[in-house]
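Colleague: I am new to this structure. Please take a close look at one part with me, and then set that part in the rest of the chain.

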Amino acid sequence: MKKYFLPTAKTALVLIYLVIMAGALVRMTGSGMGCPDWPKCFGYYIPPTDVQELTWTPDREFEKGQVIIKDEQLLVATSDFTTKNEFNPENWREYTKHDYAIFNPTHTWIEYINRLAGALAGLATLIMAILSFGFKKVNKRIIWLSWLSVFLMGFQGWLGATVVYSVLNPVKITLHMIVALLIVALVIYIIRIASPQRKVFKRDKLFTSFVIVALILTMIQVITGTQVRQFVDEQIKLLGYDRMSMILSEPTFNFYFHRTFSILVFVVNLFLYLRNRSLDIYHSKMNWVMAVLLVEIASGIAMYYFDFPFGSQAIHLFAASILFGIQIYLIFERKTAIE
């Protein structure tokens with residue numbers, strides 16, 4: 001079992017990042033309510049592609065739990081039945097989690113793909129946890145941490161449901177993102193302690209301290225970024241996608257804080273990069289940190305000055321999550337540093 005553990009754990013990490021990327025795509029396209037129920041989508045395991053599938057018609061078979069949109073309202077079938085010539089309200093109940101009743105096939109399938117990615121990541125995490133029993137005689141901590149990751153994936157799924165039921169409450173969206181990053185950190189730690197060979201690096205207390213500071217700054221930047229994103233979402237609802245040039249014409253304080261704070265994030269990481277090179281600490285991942293930061297800055301500039309070009313929002317969010325993961329790994333690498 002042990003020999004399959006690390007490949008499975010790394011696969012789980014890749015899939016978790018795939019979920020984050022899919023989530024970024026959901027937010028970029030405004031597809032968060034593409035599936036208004038959970039875990040199914042309009043009551044289907046495979047969502048509809050045409051509004052006719054969600055429209056009541058005579059002589060049609062419905063299964064219990066399937067959803068239709070009627071009079072701008074979601075209705076759920078209470079049993080298996082075949083419709084007659086006239087609509088019978090006794091066969092239906094009102095969907096009470098929320099009152100959002102809009103079908104957009106593109107949004108529906110983007111959200112559905114996000115959920116599929118989540119299911120795959122959850123399955124990979126579960127397999128990782130089962131394989132962790134191979135470490136029973138070597139390191140039981142790996143077993144407990146692996147099953148903790150399974151629990152967090154389940155909790156993340158539940159959070160995803162509450163986000164839908166709240167019709168994309170910004171606080172819950174932020175919490176959803178934070179939990180995703182916690183799972184990333186946990187799986188990276190599991191991979192680190194399960195790896196048989198570890199590189200050894202020079203010890204430098206100042207470098208270690210600033211890596212921790214850099215990670216904290218990244219988390220602050222991510223949180224403020226989700227608040228800016230919420231403002232953008234609200235502006236898009238008011239102005240529409242054809243007026244993206246006006247989205248940030250009157251930005252809030254959060255935007256200016258987020259933009260200015262990015263300078264501090266860059267300076268701290270630049271210091272780490274230069275110190276790493278000058279002392280020959282040999283953390284090659286600092287090169288990745290700077291590369292990801294440049295992508296982050298470039299995508300931010302593109303959104304502000306070029307009216308949110310396609311993909312820029314998703315790239316910006318995904319780059320932040322990659323940066324977080326690299327910094328987490330750097331902190332774990334510092335534990336093996338020598339004098």
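How many residues does helix α3 have, and how far does α3 reach from its first C-alpha to its last?

Modeller: A word first on what you see: the model is predicted. Helix α3 covers residues 140-165 and has 26 residues. From its first C-alpha to its last, α3 reaches 38 Å. That is close to the 38 Å expected at 1.5 Å a residue.

Now take the two ends of α3. At the N-terminal end, Asn139 acts as the cap. A side-chain oxygen of Asn139 lies 3.1 Å from the backbone nitrogen of Arg141. Beyond the other end, look at Val167, which comes just after α3. Val167 has a positive phi of about 55 degrees, although Val167 is not a glycine. This residue sits in the loop between α3 and α4, and α4 covers residues 170-194.

Next, compare α5. Its 35 residues should span 51 Å at 1.5 Å a residue, and its end C-alpha atoms are 50 Å apart, so the two values agree. A positive phi turns up here as well: just after α5, Gly240 takes one of about 90 degrees.

Step back to the whole chain. The chain has eight helices and five strands. From the N terminus on, the order is α-β-β-β-β-β-α-α-α-α-α-α-α. Along its principal axes, the C-alpha trace spans about 80 × 55 × 25 Å.

Go back towards the start of the chain. Pro39 lies in the loop between α1 and β1, where β1 is residues 61-62. The peptide bond from Trp38 to Pro39 is cis. Its omega is near 5 degrees.

Then come to the sheet. It is an open sheet of three strands, in the order β2-β3-β5, and the pairing is antiparallel. Its edge strands are β2 (67-69) and β5 (92-94), each of which pairs on one side only. On average, neighbouring strands are turned by 35 degrees against each other, direction ignored. Three bridges join β2 to β3, which covers residues 74-77. For a single pair to find on screen, take Ile69: its bridge partner in β3 is Leu74.

Finish with the second largest pocket. Its volume is about 800 Å³. The lining has 34 residues. Nearest the centre lie His258, Glu296, Gly300, Met303 and His316. The elements that give two or more residues to this lining are α1 (2-29), α5 (205-239), α6 (253-278), α7 (285-305) and α8 (312-334). So much for where the lining comes from; now its make-up. The lining divides into 21 nonpolar, nine polar and four charged residues. Helix α5, with its 35 residues, is therefore worth finding again here, as one of the elements on that list.

Definitions and conventions. Residues are numbered from 1 along each chain as its sequence is written. This is a predicted model: local features need pLDDT of at least 70, side-chain atom pairs count only at pLDDT 80 or more; totals for chains, interfaces and linings use all residues. Side-chain values use heavy atoms; hydrogens and water are left out. On a 1 Å grid over the protein atoms alone, a cavity is a set of points where a 1.4 Å probe fits but cannot get out, and a pocket is an open set with protein on both sides within 12 Å along at least five of seven lines; lining residues have an atom within 4 Å of a point. Grid points are joined across faces, edges and corners, and a volume is the space filled by probe spheres set on the points. Helices (H or I, at least four residues) and strands (E, at least two) are DSSP runs, numbered from the N terminus. Ala, Val, Leu, Ile, Met, Phe, Trp, Tyr, Cys and Pro count as nonpolar, Asp, Glu, Lys and Arg as charged, and the others, Gly among them, as polar. The expected span of a helix is 1.5 Å times one less than its number of residues. A polar contact is a pair of N or O atoms within 3.5 Å; within protein, one must be able to donate a hydrogen and the other to accept it, and residues adjacent in sequence count only if both atoms are side-chain atoms. Two strands pair if DSSP finds at least two bridges between them. Axes are lines fitted to C-alpha atoms, for helices over the stretch in contact, and angles run from 0 to 180 degrees between N-to-C directions.
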